Structures are given as structure tokens and as C-alpha cells.
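Please look over the sequence and the structure shown below before reading on. The text then goes through the contact between two protein chains and after that the surroundings of one DNA strand.

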Amino acid sequence: MTDPKETINIENVVASTGIGQELDLQSVAMDLEGADYDPEQFPGLVYRTQEPKSAALIFRSGKIVCTGAKSTDDVHESLRIVFDKLRDLNIQVNEDPEIVVQNIVTSADLGRNLNLNAIAIGLGLENIEYEPEQFPGLVYRLDEPEVVALLFGSGKLVITGGKKPEDAEHAVDKIVSRLEDLGLLE
Amino acid sequence: RLRKWQERIRTKDAGERNLQFALSETDRMASALGVPRSVREVASVIYRRALNEDLIRGRSIEGVATSCLYAACRQEGIPRSLEEVSEVSRVEQKEIGRTYRYISQELGLRMEPVDPKEYVPRFCSELGVSEEVEMKAKEIIDVTAEKGLLSGKSPTGFAAAAIYAASLLCNEKQTQREVASVAQVTEVTIRNRYQEQIEAMGIQ
DNA sequence: GCTTTAAAAAGTAACGT
DNA sequence: ACGTTACTTTATAAAGC
């Protein structure tokens with residue numbers, strides 16, 4: 001029926017970048033409204049953007065991690081806001097800092113209930129982790145693309161560890177064909 | 001030369017002492033859990049394999065020993081839940097679970113998911129119900145697991161619900177509270193699994 | 001190894017009402 | 001018996017302990 005690929009939804013994108021300048025986080029924390037900075041707890045300063053919604057972790061070295069965005073475009077938009085906020089504080093920020101996507105978290109739906117016990121045996125107990133006493137999802141690590149999939153009894157799944165949106169599509173394709181080969185879909 | 005020799009002996013002695021400690025801890029925990037000697041032997045074999053594969057580095061000896069015992073109980077078909085195992089260990093449940101998954105992966109133990117039926121005899125005897133209830137509970141587990149209800153569910157909660165349902169069907173009613181207590185799950189979990197199971201069984 | 005941040009999946013638990 | 005909140009799992013960068 002529904003192509004599982006069409007149910008793919010990006011839930012979170014993690015990216016890293018840097019302004020090419022060292023920062024005095026103590027003063028940034030004073031001047032930047034909404035900034036959370038507790039060096040005893042964590043060396044990074046936390047700054048949240050509202051639209052697009054994301055959280056930026058800003059470090060003394062000038063390196064920044066952005067997480068929580070729903071697309072790579074949102075990551076760029078969020079970081080543009082962060083860069084401008086820093087510029088407002090008279091902090092030098094490189095023209096177009098390189099932004100590297102480090103992880104994309106995706107959800108999808110295979111549209112059928114899954115017998116995780118059968119899938120665990122079918123995929124090979126040495127290739128999966130399935131401990132329903134600890135977590136309801138079956139953990140399946142793929143080599144190509146290099147991502148990790150969490151499969152649930154409902155047929156829904158989570159793909160994480162990818163760096164490109166296509167990684168999730170390829171992963172879903174491989175999982176679907178693998179389960180079909182095993183006769184474990186539907 | 002002499003120094004190197006002494007160091008080697010010191011290391012060997014420390015290693016021996018650590019192994020002795022691990023095995024005596026395994027013995028103590030196994031006794032507390034009331035598992036047969038065969039399980040302790042399986043646990044010690046797994047522990048020695050982990051030791052040979054250098055999997056203990058960076059982990060506590062007791063954490064590894066506890067995880068090996070947990071794995072051994074499962075391999076022998078008389079599982080103890082992580083909660084039960086953690087009660088006789090000084091290592092916290094989360095760490096035992098983590099270490100178990102690591103050891104299981106690295107040693108290629110190919111552990112199968114726990115069959116809820118394996119909890120039924122022990123839970124039933126603790127409740128003091130008849131063999132009829134025990135058989136009925138196992139039947140409920142087989143039928144409902146076959147229909148796909150087991151995916152992602154905790155084995156203890158699934159077993160507890162089936163025992164509760166069986167006790168009702170056999171007119172030997174146990175309260176949800178009593179069953180929850182022996183299985184160490186909440187009444188809410190028993191209620192949720194029970195509803196799904198009786199619906200799948202086509203009862204009432 | 002840990003600390004922090006975000007997000008999904010589904011199960012379980014512990015609160016309060 | 002509800003409802004809410006929060007924890008479990010996966011990946012990932014950052015700096016420091």
C-alpha cells in the first residue's frame with residue numbers, strides 16, 4: 001500500500017560549526033537573553049531559538065553544536081540566528097562558517113505489525129539486540145548506509161546515525177527488502 | 001629481571017584473587033536467587049570467557065559477574081529478571097543490563113528473548129496456585145504470543161498477566177496486587193497486558 | 001566513561017487526583 | 001482508574017573532568 005519511504009519524517013538534525021573566534025562565555029551568558037550557562041555542570045552555554053526551534057551549545061573555543069532542528073534548512077536558519085545574536089554582542093563571526101551535519105534522526109512506518117521475536121531470529125541474533133525487558137525496540141545496525149534502526153512491534157521505526165536524508169531512505173529500503181526476503185512483513 | 005618476575009607474580013596473584021572474588025560473588029548471588037549449581041557453573045564459564053577476551057577492563061568485577069549470572073539463568077531456562085538479580089547484587093540494575101548486553105554481544109552468546117512461559121512455574125509456586133492455573137497461563141502465553149502480542153512487551157509483565165487471567169478462568173482468583181508482587185511489575189502493567197490477552201483469546 | 005542538548009519510537013513506572 | 005510526567009534505547013558533536 002503506502003510506500004514506507006513516503007512515511008519518512010526527519011525528527012532531529014544535529015550539526016556542528018564554529019565562528020573561528022574564542023569566546024568569553026561568562027560575558028556572553030550575561031548579555032545573551034535566555035542563555036543557560038553552568039560551567040560546573042557542562043562546559044557549553046545553551047541557547048535556544050524559537051523559530052525554527054532548536055538548541056545551540058556554544059563553547060569557549062567558538063565551536064557550536066546545533067540540535068533539535070527538523071531539517072538541514074532549519075539547522076542553517078537556526079545557526080544564522082545564533083551568528084547574528086553573537087554579532088549583536090560585537091563578537092566577530094566568520095562570513096559563512098562551515099556547517100557539518102553530524103546526525104539525522106528519522107522516523108518511518110512499515111505499515112504492518114512486526115513479530116520482533118521472529119525478526120530477531122531471522123536477521124540473526126548476532127546482528128541485532130532485542131531485550132524487551134530493557135527497551136521495546138529491536139536494535140538493528142546496518143553497514144550500508146551506516147545507521148542504526150530501532151524496530152517496534154507497531155511497524156514504526158527510528159533511523160539514526162545518518163548524515164544525509166538519503167541514508168534513511170536507503171536504510172528503509174534495505175530493511176523492507178530484508179524483511180520481505182525473510183517473509184516477515186505482513 | 002627479578003623485578004619483572006615479581007611484577008608478573010604480583011599480577012598473577014591479583015588476577016587469581018580477582019577471579020576468586022568473582023566466583024565467590026557469583027556463588028553468593030546464585031544462592032540468594034536460589035538457582036541450581038549448574039547455573040553457577042554456566043555463569044563461571046561465561047565469566048572466564050569474558051576474562052580471556054579482556055572484556056572486564058573498565059568495568060567492575062561484580063558488574064560483570066552479575067551480568068554473567070543473569071545470562072546463565074536465561075541460558076538455563078530459569079530466568080531471573082534484572083530487578084531480581086540487582087536485589088542480590090551491589091551493582092545497580094541499569095549497569096547490569098548494560099554490561100549484560102556488552103558481554104552478550106562481544107562473546108556472541110546469541111541470547112534469545114526470554115520466553116514468558118519460563119517465569120510461570122516459579123511465579124505460580126510462589127502464589128501457591130494449582131497446576132491447572134499454571135498450564136492455562138502457559139497456554140494463554142502461547143496463543144497470544146502467536147498472535148503477535150508479545151512484541152516489545154516485558155516477559156515478566158506478559159507472564160504475570162497470563163497468570164492473573166488463568167487464575168480467574170480456573171476459579172482460583174489471585175488479585176492483581178498479589179501477582180504484581182511476585183512478578184515485580186505494577187498492577188497497571190498486568191491490567192494492560194491482561195486486557196489484550198483476553199481479547200486475543202476471545203474470552204468474554 | 002561521564003556531564004548537556006534535541007527528537008522519535010513504545011513500554012513501564014511513579015506520581016497526583 | 002485515570003492523567004501527567006519521566007525514565008529506558010539509538011546517534012552525534014562540543015570541552016572538561
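**Two protein chains and a DNA strand**

In this predicted model, the area buried between chain B and chain A is about 1,600 Å², and carbon and sulfur atoms give 48% of that area. On the side of chain B, R110(B), P113(B) and S151(B) supply 34% of the area that this chain buries against chain A, more than any other three residues. Counted by residues, the contact draws 20 from chain B and 16 from chain A.

The polar part of this interface can be described pair by pair. The rule finds 3 salt bridges across the interface of chain B and chain A, and R110(B), already named for its share of the buried area, forms a salt bridge with E126(A), in which the closest N and O atoms are 1.8 Å apart. When polar contacts are counted between chain B and chain A, with both residues at pLDDT 80 or more, there are 10 residue pairs. As for secondary structure, α3 (61-75), α4 (82-87) and α5 of chain B each supply at least two residues of the side of chain B that touches chain A, and the largest share of that side, 5 residues, comes from α5(B). By class, the residues of this side of chain B divide into 7 nonpolar, 6 polar and 7 charged.

We turn now to DNA strand D. There are 22 residues around DNA strand D, and those that come nearest are R60(A), S61(A) and N103(A) together with K94(B) and R191(B). Which parts of the strand lie within 4 Å of the protein? Of the atoms of DNA strand D within that distance, 68% belong to sugar or phosphate, while the rest belong to bases.

Individual side chains show how the backbone of the strand is approached. An N or O atom in the side chain of R60(A) is 2.5 Å from a phosphate oxygen of DNA strand D, and for the side chain of R141(A) the corresponding distance to a phosphate oxygen is 2.8 Å. From chain B, the side chain of R101(B) has an N or O atom 3.3 Å from a sugar or linking oxygen of DNA strand D. The elements that give two or more residues to the surface near DNA strand D are β5 (63-69), β6 (100-109), β9 (148-151) and β10 (156-162) of chain A, along with α5 (93-106) of chain B. The largest share of this surface, 3 residues, comes from β6(A). Sorted by class, the surface near DNA strand D has 10 nonpolar, 6 polar and 6 charged residues.

Definitions and conventions: Residues numbered from 1 in each chain as written. Chains lettered and ligands numbered in written order. Predicted model: local features only at pLDDT ≥ 70, side-chain atom pairs only at ≥ 80, totals over all residues. Heavy atoms only, no water. Near = heavy atom within 4 Å. Polar contact = N/O pair within 3.5 Å; in protein donor to acceptor, adjacent residues only side chain to side chain. Helix = DSSP H or I, 4+ residues; strand = E, 2+ residues; numbered from the N terminus. Nonpolar A, V, L, I, M, F, W, Y, C, P; charged D, E, K, R; others polar. Contact = heavy atoms within 4.5 Å. Buried area = accessible area lost by both parts, 1.4 Å probe. Salt bridge = Lys/Arg side-chain N within 4 Å of Asp/Glu carboxyl O.
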